[in-house]
Each structure stands twice: as C-alpha cells, then as structure tokens.
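Hello,

Here is the structure I promised to pass on to you. Please have a look at it, and then read my notes underneath.

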Amino acid sequence: MINLNDVSYKYNDAAAQAIRHVSLSVKKGELVVITGKSGCGKTTLFRCVNGLCPHFYEGEITGNLTLNDDALSSMRICDISNIAASVFQNPESQFFTADVLSDLVYPCENYGIEKEEIQERLYRVTELLSLEPLLNRKLSELSGGEKQKIAIASVLMLDTRVVLMDEPSSNLDYQSVELLTQILAQLKSKGYTILIIEHRLHYLAELCDRLIVMENGSIVREYEKDSLHTTGNDEFHKQGLRGLHLFQNNRNTLITSQQQHTDKPLLVLHDIHFSYQKNAEVLKRIHLSIYPGDKIALIGKNGCGKTTLGKILCGLKREKSGNLLFDGSVFLAKVRSKTVGYVMQNVDFQLFGCSVYDDLLLGNEATPDRENRIQAVLAKLGLSDLQEQHPTTLSMGQKQRLVVAASFLQKK
C-alpha cells in the first residue's frame, strides 16, 4: 500500500536534509510504528506520505514514493487524502468549523457523500469513540485530549483504507489511550493499513507488526513483531527512546521520599474558581502551595481542568474568584504573564519569527549581551544547528524546546 524507495527530503532554507535515503514498504493490513528521538525525521516522513511535503511544506524531494501503486508525485493532496487519511500531531490544524458536529461531517460533505451515508458513518464513529457528550460542544471549549479524539473521529468518517497517525496519543489520558488501542485493534482486524509516528510505545506493543527506529533522518533499526516481546526497555532507553513495556522498571531506579519543605511557599493558590461562560465550573476550590525548587506534575483525565489551571497560572486566564500570592504578595494576572513561562499544547501559537534565531530575538532586542545569551540558550537546548531554520519545519519536540529557550532569555 505504501512504498518509499530511496526517498530524501530537504525543506527550503534548511541547511540539511530532513530525511535521507529512506526505503520503506507497508503492506496492506499492516500496522507499522515509526519512532525515534525528537527531530529525527519522523514527521517529515509522515508529511511525504500524505503529500504535505512538498505541496504545503515546500522543499525538494527525491526518490520514488507510491500509494496504492500510484506515484504520489502525480497526485493532488485531495486525491491522496481520499486514499490515506491523516491524524496530525496538532489536532487543531485539521479543524475547519467551530463546533464538533459540523467538523465531523465536513470531510464527507467536502467529498459529496450522500446525507444518509454521512448519518450512518456519524452514528458508527460516535458510538465507537463514545463521543455523544461532545457532539454539541464548541471545539474551542474542548481539552487537548478531547480535540485529539475528534481529529481521530474525523479521519474515521472518511472511511479510507489507509490511516496515517502522527503521535495520536500525545494529548490523551490513560483511559483514552486504552480506547485508542481498542480502536486500532478494530481497524487492524478489518484490514486497515496503519502507519503511526509515535514516542509513546507501550500501547502499541501487541498491535504493531513492525517497529522502525529513525536517527538523523534515516532508518537505522527495525524490530519484527516477535522480537518485540523479548526486547527489554533497557535497549530502547539506550537509544534515547521510551520503553515498550509500561510496567518494566529498571532495578536501579532510585525512589526518593517526598521532599520536606522548610522555607515559605513561593506561589500560593487559594480557593480558585473558574468557569467558561454558560458551562459548569471547570475549576472549583483549588488550593495549592508551590515551593522554591519544586517540580510538580499535574495529572488527570482529559477535560478535568489541567490546561485551564495552567493558563491561570501564567495569566492567560483570570480566575473568577479566589486569589494567588507570589512570594507573599498578590499576584495579578497581568503580572503573571510577564513572570511565568508557559509552553502550550499547540506551540505553533507561540512561534512568530522567520527563523529559530529571529524567534528568540523577538522581544529581546534591547537585552544586554543578547547575542551571547541567545547562542548559549541555543546550545543548552540542542538547537544551535537549527538557528537559521524556519520554526514551522521543526519537529514538535524542537518547537517546544524553542519556546522553552525563549523563557530562558526572559530570565533577568
């Protein structure tokens, strides 16, 4: 179904090729997973298969790439998407309407599918993904995980036989990942051909027929299904990858006791409440103390309010009631926005420059010793070789590091 023969791709204005001499064949009915460190070329390969490279992300492609025995070079993106539907790493990039129901039926309407068939598909997909509570919601009100589920549903509405997914689990909670696993198992049992780009591997251990590892734009390693069961997490960790087996821990892992705080809290949240207009309260009676040096993970189901709380902490949202204290003083929203660094789920909202360097320069033109500081932070976050590259050509992990780099520069 999918065949790449000696394919290379170089983005315009990039110093080096994003993928180099990649040869890969995915047979009908196979589920193949491609993994590798951030920036290794996974997403570029994904874009080559669905035609976004070079039709949308301009650049130079060499080699031969076919889909269902047809050369992609002779196909339009709309023709490709009618054969192979894509779930993107950033679900918002594939939304076209304001509400869930309209967006689910839009792909079918776009291809002129009959109303009765659309209704049948909508019923089937809604039941499969348990989407009933979301159908009447606005997309802007959904959590990142809920948006990801809608993106997956939109792909299934097209009923293509090839499904391409770029990190479909990245915004999902554990229960939603379990649901995604069940969905993939059903699609595989029905003969779908599935290509998944993924960092999180554990949920695919029993499903994938092959696991392919990329480094520096090339395929360097391949694991067949049978060998995955005998390969421990240590081997994957040595390659800088996440483990395949969720509950297999390193025996040398050090478990530390909870930190005992002797100093005063740096940040205090007291009785925080928040709601979106007509909806029920998203946050209620939040009390939290954060101490100097704390590293805190905020976890919970999709839609529980994690992102909303994060936006309140950095001043993007203002609490309806309650108050925040920073170092003992009232911490107003307008002050938070200048004090707290924030990396959004969709980091594209935070990138504005024509190059990595320009993005860091923006807003820091008057910073003392700015050139040395920019070069130091680029080196610290492994972005030095990418400073002339356009931010849109970066992988998601590289984009996130770029936003973190900007936060480092804002430190006085």
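Below is what I found, going from the whole chain to its parts.

**The chain as a whole**

Please keep in mind that this is a predicted model. The protein chain holds 14 helices and 14 strands. Its radius of gyration is 23 Å, close to the 22 Å that the globule rule gives for 412 residues, so the chain is as compact as a globular protein of that length. Along the principal axes, the C-alpha atoms fill a box of roughly 65 × 50 × 45 Å.

How much of the chain is buried? Of the 412 residues, 46% count as buried. The accessible surface comes to about 21,900 Å², and carbon and sulfur atoms own 50% of that. If you take the contacts with a separation of 6 or more, 64% are between residues 24 or more positions apart.

**The sheet that begins with the N-terminal strands**

A good place to start is an open sheet of four strands, in the order β2-β1-β4-β5, with antiparallel pairing. Strands β2 (19-26) and β5 (70-71) stand at its edges with a single partner strand each, so one side of each has no neighbour in the sheet.

Inside the sheet, β1 (residues 2-11) pairs with β4 (residues 59-67) in the antiparallel sense over eight bridges. Ser 8, for instance, stands opposite Thr 62 in β4. On its other side, β1 is joined to β2 by five bridges, and these two strands also run antiparallel. Tyr 9 is a handy residue to click on here: its bridge partner in β4 is Ile 61, while in β2 its bridge partner is Ile 19.

Which helix lies across this sheet? It is α1 (residues 42-49), which lies across β1, β2 and β4 and runs at about 115° to β1.

**A parallel pair**

Strand β6 (residues 84-87) is joined to β7 (residues 162-166) by four bridges, and the two run parallel. Val 87 stands opposite Met 165 in β7. Ala 84 and Ser 86 point one way from β6, Ala 85 and Val 87 point the other way, and all of them are buried.

**A buried leucine in a loop**

Next, look at the loop between α5 (115-129) and α6 (144-158), where you will find Leu 134. Is Leu 134 buried or exposed? With a relative accessible area of 7%, Leu 134 is buried, because buried means under 20%. Leaving aside its neighbours within four places in sequence, Leu 134 is in contact with Val 100, Leu 142, Glu 146 and Ile 150. Pro 168, in turn, is 34 residues from Leu 134 in sequence and 19 Å from it in space, C-alpha to C-alpha.

**The second four-stranded sheet and its helix**

Further along the chain, another open sheet of four strands has the order β12-β11-β13-β14, with antiparallel pairing. Here β12 and β14 (329-330) stand at the edges, each with a single partner strand, so one side of each is left without a neighbour in the sheet. Five bridges pair β11 with β13 in the antiparallel sense, and Val 268 stands opposite Leu 325 in β13.

Helix α10 packs on this sheet, touching β11, β12 and β13, and its direction makes about 125° with that of β11. What does α10 (residues 306-313) bury? Its buried residues are Thr 308, Leu 309, Gly 310, Ile 312 and Leu 313. Their cover includes β11 (267-275), β12 (281-290), β13 (321-326) and α11 (333-339). Just after α10, Gly 315 takes a positive phi of about 90°.

**Cysteines**

How many disulfides does the structure hold? It holds zero. The sulfur of Cys 208 is 16 Å from the closest cysteine sulfur, in Cys 40, which is too far for a bond. Cys 208 counts as buried, at 2% relative accessibility. Cys 304 is in no disulfide either, and the nearest cysteine sulfur, that of Cys 314, is 17 Å away. Cys 304 is partly exposed, with a relative accessible area of 37%.

Enjoy looking around, and write back with any questions.

Best wishes

Methods: Residues are numbered from 1 along each chain as its sequence is written. This is a predicted model: local features need pLDDT of at least 70, side-chain atom pairs count only at pLDDT 80 or more; totals for chains, interfaces and linings use all residues. Side-chain values use heavy atoms; hydrogens and water are left out. Two strands pair if DSSP finds at least two bridges between them. Contact means heavy atoms within 4.5 Å. Axes are lines fitted to C-alpha atoms, for helices over the stretch in contact, and angles run from 0 to 180 degrees between N-to-C directions. A disulfide is a pair of cysteine sulfur atoms within 2.5 Å. Buried means under 20% relative accessible area, exposed over 50%, partly exposed in between (1.4 Å probe, protein chains only). The radius of gyration is taken over C-alpha atoms; the globule rule is 2.2 Å times the number of residues to the power 0.38. Accessible areas come from the Shrake-Rupley method with a 1.4 Å probe; for residues, only the protein chains shown count as cover.
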